[in-house]
Amino acid sequence: MTATFLDLVKVRNIGIMAHIDAGKTTTAERILFYTGVSHRIGEVHDGTAALDFMKQERDRGITITSAATTCHWDGHTLNLIDTPGHVDFTVEVERCLRVLDGAVAVFDAVAGVEPQSETVWRQADRYGVPRVCFVNKMDRAGADLHRCVAMIADRLGAVPLLVQLPIGAEGGFTGVVDLVAMRARVWSGDGLSVRDVPSALVEEARRRRGRLVETVAELDEPLMALYLEGAEPSAEQLHAAIRRVTLASAATPVFCGSAFKNKGVQPLLDGVVRYLPSPLDVGAGQRERPPEDEPLAALAFKIMSDRHLGRLTFVRIYSGRLESGATVLNSVKGRRERIGKLYRMHANAREEIASAGAGDIVAVMGLKRTTTGETLCEESHPVVLESMDFPAPVIEVA
Ligand code: GDP
């Protein structure tokens, strides 16, 4: 049991939001598969290994339904936060938006933007949560990425940035062209391979990349400067510009795939890491000290009952450190609480940790009085985190 250090720049606290049936659960499961057992990806031939793995995991009752599941991608720590997608849980969704820094919005490529996607999208707008879109179910008959992108603009009032083109359609959907890097990623019997853009798509890909650059340049000065010079931005320059406009919630990159057929999730994860904020990007510029050097402030956002561990309180730490065994103040109730064991929940394991720092999301065992929406802090520095006020960090009460 060692103290943990999280490089905050490499943390992504994200939620998945979707209309019911768009494929939120399937996408989350695939994310956990690819991130949790990435060392086994070489063994995945036609996707059945992924499905077998997930069936086993489900039979064992793993914690993919955990309020926050930690996984890793490309050297980054991803905390996948469960936000109920059903409209009845609107209040819960709002609470979670305070806890997550960015989100993946999943759409059904046939149905496009559905009423409930609109509701959740507007909440995310209200709280300024940067989003990337995943147009799922590209394998279905009638799947239409471009129609869905048009709906994201028309119905949601967003500026969609199409960063991929599908290769093949419906049952023949086999991969995507990455318009930023101008490379193809194709799923086949041997897994995922990176290839040249198929010749039949080269012209369309160039045209669409040009449009992508224009759209981003209109929102981003450094890219506009390049554009006016007539220079073709490199993949790195374009990535950086897309990240800036996404973080500003001025635009939203759009990815596509078929989670069910195990196609498209790895590029989506690359997009999460590239374009969505770290905890340091949220409220950046407001802090005088690193958040970890400030007194403890943590928000309880979900209580769950674990079969083995009993009552678990999921908290997001905004500043300071939370230590196992420490006594803290529940500033809403004005009562002391003792921190029991601390866990990071993974898809197929839980990791006991001695302490956790700012930006992190962990499960706490042993809290008796704390309920959702309440703040834990140091007795000497009482604060109340305003759970509905995103992203203003802290309101002092004393
Ligand atoms: P949720 O309600 O948003 O969590 O949606 P689910 O992940 O439970 O998926 C709803 C249904 O759509 C299930 O029957 C899935 O098997 C199916 N589904 C999910 N992803 C895909 C996909 O990429 N292609 C197809 N054809 N079906 C999918």
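Where is Met182 found? Met182 sits in the loop between β8 and β9, and there is more on that residue further down.

## Ground rules

This is a predicted model, where local features need pLDDT of at least 70 and side-chain atom pairs count only at pLDDT 80 or more, while totals for chains, interfaces and linings use all residues. Numbering starts from 1 along each chain as its sequence is written, and side-chain values use heavy atoms, with hydrogens and water left out.

## The chain overall

The secondary structure adds up to 9 helices and 23 strands. Both are DSSP runs numbered from the N terminus: helices are H or I with at least four residues, strands are E with at least two. The chain has 398 residues, and 54% of them are buried. Buried here stands for under 20% relative accessible area, exposed for over 50%, and partly exposed for in between, using a 1.4 Å probe and protein chains only.

Now for contacts, meaning heavy atoms within 4.5 Å. Taking the chain's contacts with a separation of 6 or more, 71% come from residues 24 or more positions apart.

## The seven-stranded sheet

One open sheet has 7 strands in the order β2-β3-β1-β4-β5-β11-β6, and its pairing is mixed. Two strands count as paired if DSSP finds at least two bridges between them. The edges belong to β2 (68-73) and β6 (160-162); each has a single partner strand, so one side of each lacks a neighbour in the sheet. From one strand to the next, the twist averages 30°. Angles like this run from 0 to 180 degrees between N-to-C directions, with axes fitted as lines to C-alpha atoms, for helices over the stretch in contact.

At the β6 edge, β6 pairs with β11 (residues 252-256) in the parallel sense over 3 bridges. Pro160 has Thr252 in β11 as its bridge partner. Helix α9 (residues 265-275) lies across β1 (11-18), β2, β3 (76-81), β4 (102-108), β5 (131-136) and β11, and runs at about 170° to β5.

## Asn79 and Asp74

Asn79 has its place in strand β3, and its relative accessible area is 0%, so Asn79 counts as buried. Its side chain makes a polar contact with the side chain of Asn13, at 2.8 Å. A polar contact is a pair of N or O atoms within 3.5 Å; within protein, one must be able to donate a hydrogen and the other to accept it, and residues adjacent in sequence count only if both atoms are side-chain atoms. Leaving out residues up to four places away in sequence, Asn79 touches Val11, Arg12, Asn13, Ile14, Thr69, Thr70, Asp360 and Ile361.

Asp74 lies in the loop between β2 and β3 and counts as exposed, at 58% relative accessibility. Phi of Asp74 is near 50°, a positive value in a residue other than glycine. Most residues other than glycine have a negative phi.

## The four-stranded sheet

A second open sheet to look at has 4 strands, ordered β7-β8-β9-β10 with antiparallel pairing. β7 (164-167) and β10 (191-195) stand at its edges with a single partner strand each, so one side of each is left without a neighbour in the sheet. The twist averages 25° from one strand to the next.

Strands β8 (residues 175-178) and β9 (residues 183-188) run antiparallel and are joined by 4 bridges; Asp178 stands opposite Arg183 in β9. Back to Met182, in the loop between these two strands: its phi is positive, about 55°, although it is not a glycine. Met182 counts as partly exposed, at 24% relative accessibility.

## Nonpolar cores

A nonpolar core is a set of buried Ala, Val, Leu, Ile, Met, Phe, Trp, Tyr and Cys residues joined through side-chain atoms within 4.5 Å. The largest one has 98 residues, and Phe107, Leu212 and Ile242 have the most contacts inside it. Apart from that core lies another of 15 residues, including Ala300, Leu322, Ile339 and Ala356.

## Around the ligand

There are 15 residues around the ligand, and Asp21, Lys24, Thr25, Thr26 and Asp139 come nearest; being near takes a heavy atom within 4 Å. A polar side-chain atom of Thr25 lies 2.4 Å from a ligand oxygen atom, and one of Thr26 lies 2.5 Å from an oxygen atom of the ligand. For Ser258, an N or O atom in the side chain is 3.0 Å from an oxygen atom of the ligand.
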